Amino acid sequence: MGMTDVLIVGAGPTGLVLACDLARRGAAVRVVDRSPAPPRTSRAKGPNPRSLEILDDLGVAEEVLAAGSAPLPMLKYRDRRPVAEADPWADSAPSPDTRYGRGWLIAQWRLEGILRDRLAGYGVRVEPGREVVGLAQGRNEDESGSGGGSGSDGDYAGHGAYGGHVDVTYADGPAGRARYVVGCDGAHSSVRKLLGIPFEGTTAEDQVMVCGDVDLADGVLDRTRWHQWFDEDGAVMLCPIPGTPTGWWFQAGPERDGRGRPLAPTADGFRRLLAHHTALPGRALTRAELLSTYRVNVRMADRFRAGRVLLAGDAAHVHAIAGGLGMNTGIQDAFNLGWKLGLVLAGHADAELLDTYEEERLPVAARTLDLTSERLRATLEAIRRPGGGLDAAITPDTTGLGVGYRWSSLAAGGRAQEAGEPGPRAGDRAPDAPCADATTGERTRLHRVFAGPGTTVLGFGPGSTAVLRETANAYGGDAGVRVCRVYAAHEDRAWAEPGAVVDDAGHVAAAYGTEASGDPAAGTVVVVRPDHHVGVLAPADDARSVREYLRRLHGTGRSAERSPGMVDAAR
């Protein structure tokens, strides 16, 4: 039975982002999905600014932007008449530290198609119609008895990358074997159920919405607006689907039977709702498909890892739709997990690094559950009044840019910052900033420097040269670590190394709080993880913090042969 490095169960945005990230790291990946064909679902309306940064890192942002549209102003009605207009994104613009000032509208199936194409470029294709019905965690026969086995918990994190494995049984076809399995298979995750991990929380049976993709007769409704009819007895929301001539996302309060119970969505039901709430005739709705009923579910797995099996996206957490954070939280889970699995599989990092996935993402999921429930409450409150609408769900929190991991064990070391000091702290998202290539003068930006699967060490000030040189010597042959000297506009860069950048407009120094001090030897070193979060922010003379941090993620690099004492410390 052939062994794959990572089996990803579920080919939605979470599974596809994880697969693309692992495939570009050279990991052997399989992606299976129980659907016989790629599901066309009417779900997420698009990536938020942080997810756009991730899609940019994976090389698909331009395609996503071309296939979608900017978010639309919301036109709100009461008793069939327009009463208010709101554009929650009117003031959102790119800034030096954030290239994407707002999210983007794109059908989820279109985004998935773009990610599948990118994955195919790495020679990986989704295997449809493959349903996982059994998982057994085992050890390789040649392995010493270091615990574990295929007990129900299987939580034996201490094994090296090539220690254990997971045997996978499918509903039909031959069994498989993988070093790791990641369940990205949605709220009803089979992987989570097979692990016996509880999915605690609530389902609000009374908070129900019917959804679908519909066609409206050409020209009956302005396609430059997201139309929202909120009445005392229900609601209809219609948002144009980018890239389609007559397609709309339809969301509405359900029809109800004589006892007040919600009725299942049907095309005729959608026509009746349309005629009841809007000034359009029911026949204006010419087609309705992908019909579904959405109930507010707020649930979370109590752990995201059991041994060699991990959970991501809706398999790990589901929450209210308000603020559009479902798909985005999953994409961001995947981006947190991908590099960690990659470094463990390559033998650079201990398997314990995988514990930081739950350590970092579980609190984010818990906070997202609270945030979305609060946004839902605010929205339900807003729509009681004429002119209230879905803009009540949009806040700076919903961009994803403020999510960081200051509590994480991967945010240790370096200098403690005083409150109010400029720049990020360890654990925060590393800001973007426009700059120029020091040797060619070409325009670039920091997130381009970070792009790809590696860890980046930024050096500010002449004092950082020694640390950068030491790092380059230790990891120079390993593409997983790169160094980048950031020159201030006034510094002499005659001897700049390839890859160095010039902060010609001061945006990098402003973003990182590294404005030059009077001391010519001073400087700052910032280690940026592969997922664009700050690992270490330290004075340039604190080479030890940088060295220890890189060792934890990347092993000892090439310096191990020269310094045998370091080997024990690294493991």
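Three exercises with worked solutions follow, on a helix pair, a strand and a hairpin.

The model is predicted: local features need pLDDT of at least 70, side-chain atom pairs count only at pLDDT 80 or more, and totals for chains, interfaces and linings use all residues. Residues are numbered from 1 along each chain as its sequence is written, and side-chain values use heavy atoms, with hydrogens and water left out.

**Exercise 1. Describe how helix 1 packs against helix 7.**

Step 1. Locate the elements. Helix 1 covers residues 13-24 and helix 7 covers residues 326-345. Helices (H or I, at least four residues) and strands (E, at least two) are DSSP runs, numbered from the N terminus.

Step 2. Take the axes. They come within 8 Å and cross at roughly 25°. Axes are lines fitted to C-alpha atoms, for helices over the stretch in contact, and angles run from 0 to 180 degrees between N-to-C directions.

Step 3. Classify the angle. Helix 1 and helix 7 are therefore roughly parallel (angles under 35 degrees).

Step 4. List the contact (heavy atoms within 4.5 Å). Helix 1 contributes residues including Val17, Leu18 and Asp21. Among those from helix 7 are Ile331, Phe335 and Trp339.

**Exercise 2. Place Gly459 in its surroundings.**

Step 1. Find the element. Gly459 is found in strand 18, which spans residues 455-460.

Step 2. Check burial (under 20% relative accessible area, with a 1.4 Å probe and protein chains only). Gly459 has 0% relative accessibility, so it counts as buried. Six of the six residues of strand 18 are buried.

Step 3. Sort the directions. Thr455, Val457 and Gly459 point one way, and Thr456, Leu458 and Phe460 the other.

Step 4. Look beyond the neighbours within four places in sequence. There, Gly459 is in contact with Ser464, Leu468, Cys484, Arg485, Val486 and Thr524. Gly459 and Val525 are 66 residues apart in sequence, yet 4.7 Å apart in space, C-alpha to C-alpha.

**Exercise 3. Trace the pairing from strand 19 to strand 22.**

Step 1. Start at strand 19 (residues 481-488). Six bridges join it to strand 18, and the two run parallel. Strands pair if DSSP finds at least two bridges between them. Thr455 stands opposite Val481.

Step 2. Cross to strand 21 (residues 524-528). Five bridges join it to strand 18, antiparallel. Val457 has Val527 as its bridge partner.

Step 3. Continue to strand 22 (residues 534-539). Five bridges join it to strand 21, again antiparallel. Val527 stands opposite Val536.

Step 4. Inspect the turn. Strands 21 and 22 form a hairpin with five residues between them. His532 in the turn has a positive phi of about 65°.

How values were computed:
Angles under 35 degrees count as roughly parallel, over 145 as roughly antiparallel, 65 to 115 as roughly perpendicular and the rest as oblique. Buried means under 20% relative accessible area, exposed over 50%, partly exposed in between (1.4 Å probe, protein chains only).
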